[in-house]
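Before turning to the questions, please look over the sequence and the model together. The turns that come after are meant to be read with both in view.

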Amino acid sequence: RLAGHGNLSRRHVRLRPAAEGLWIEDLGSTNGVFVNDNRLTPRQPFLLAESGQVRLARDFVVGVRIEC
């Protein structure tokens with residue numbers, strides 16, 4: 001777990017870079033993975049093709065910039 005982020009699962013999310021953007025997959029976490037405030041369906045990879053915001057659980061937020 002990341003220090004100070006007790007809402008994150010040990011295996012919370014998978015990130016995979018691709019030529020067309022970034023694949024993001026919720027690995028079945030309890031508290032969810034959100035892209036631009038939309039919760040991802042667990043175990044269904046989502047392609048982030050434009051810059052945006054990724055949030056894990058309630059309080060871990062990162063900005064993602066896609067440059068293709």
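What follows is a set of questions and answers on this predicted model.

Q: How many residues make up the largest nonpolar core, and which strands each supply at least two of them?
A: The largest nonpolar core includes Leu8, Leu22, Ile24, Val33, Val35, Val54, Leu56 and Ile66 among its members, and it holds 12 residues in all. The strands that each supply at least two residues of this core are strand 2 (21-26), strand 3 (33-35) and strand 6 (52-56).

Q: Which residues is Val54 in contact with, leaving aside its neighbours within four places in sequence?
A: Val54 is itself a member of the largest nonpolar core. Leaving aside its neighbours within four places in sequence, Val54 is in contact with Ile24, Val33, Phe34, Val35, Leu48, Phe60, Val61, Val62 and Val64.

Q: In what order do the four strands of the open sheet lie, and which strands stand at the edges?
A: The four strands form an open sheet with antiparallel pairing, in the order 4-3-6-7. Strand 4 and strand 7 each have a single partner strand, so one side of each is left without a neighbour in the sheet. The strands at the edges are therefore strand 4 (38-39) and strand 7 (60-64).

Q: Which residue of strand 4 stands opposite Phe34?
A: Strand 3 and strand 4 pair in the antiparallel sense, and two bridges join them. Within strand 4, the residue that stands opposite Phe34 is Arg39.

Q: What is the distance from buried Arg55 to the nearest side chain of opposite charge, and which residue carries that side chain?
A: Arg55 has its place in strand 6, and leaving aside its neighbours within four places in sequence, the residues in contact with Arg55 are Gly32, Val33, Phe34, Asp37, Phe60 and Val61. A polar atom of the Arg55 side chain also lies 2.9 Å from the backbone oxygen of Ala57. Arg55 has no salt bridge although it is buried, and the nearest side chain of opposite charge is 4.0 Å away, that of Asp37.

Q: What is the phi of Ala57, and is the residue buried or exposed?
A: Most residues other than glycine have a negative phi. Ala57, which lies in the loop between strand 6 and strand 7, has a positive phi of about 60° although it is not a glycine. Because its relative accessibility is 0%, Ala57 counts as buried.

Q: Where is Asn36 found, and what is its phi?
A: Asn36 is found in the loop between strand 3 and strand 4, and its relative accessibility of 39% means that Asn36 counts as partly exposed. Its phi is positive, in a residue other than glycine, with a value near 50°.

Q: How many bridges join strand 1 to strand 2, and which residue is the bridge partner of Ala18?
A: Strand 1 (residues 13-18) and strand 2 run antiparallel and are joined by six bridges, while a hairpin of two residues leads from strand 1 to strand 2. The bridge partner of Ala18 in strand 2 is Gly21.

Q: Which residue forms a salt bridge with Arg14, and how far apart are the closest N and O atoms?
A: Arg14 is partly exposed, with a relative accessible area of 33%, whereas Glu25 is buried at 11%. Arg14 forms a salt bridge with Glu25, with the closest N and O atoms 3.1 Å apart. This pair links distant parts of the chain, Arg14 in strand 1 and Glu25 in strand 2, and the two are 11 residues apart.

Q: How many salt bridges does the structure hold, and what is the N to O distance between Arg65 and Glu67?
A: The structure holds two salt bridges. Arg65 counts as exposed at 66% relative accessibility, and Glu67 is exposed as well, with a relative accessible area of 60%. The side chains of Arg65 and Glu67 meet in a salt bridge, and the N to O distance is 2.8 Å.

Q: How far apart in space, C-alpha to C-alpha, are Gly63 and Gln53?
A: Gly63 lies in strand 7 and counts as exposed because its relative accessibility is 68%. Gly63 and Gln53 are 10 residues apart in sequence, and their C-alpha to C-alpha distance is 4.5 Å.

How values were computed: Residues numbered from 1 in each chain as written. Predicted model: local features only at pLDDT ≥ 70, side-chain atom pairs only at ≥ 80, totals over all residues. Heavy atoms only, no water. Core = buried A, V, L, I, M, F, W, Y, C linked by side-chain atoms within 4.5 Å. Buried < 20%, exposed > 50% of the residue type's maximum accessible area, 1.4 Å probe, protein only. Contact = heavy atoms within 4.5 Å. Lys, Arg positive; Asp, Glu negative; His and termini not counted. Polar contact = N/O pair within 3.5 Å; in protein donor to acceptor, adjacent residues only side chain to side chain. Pairing = 2+ DSSP bridges.
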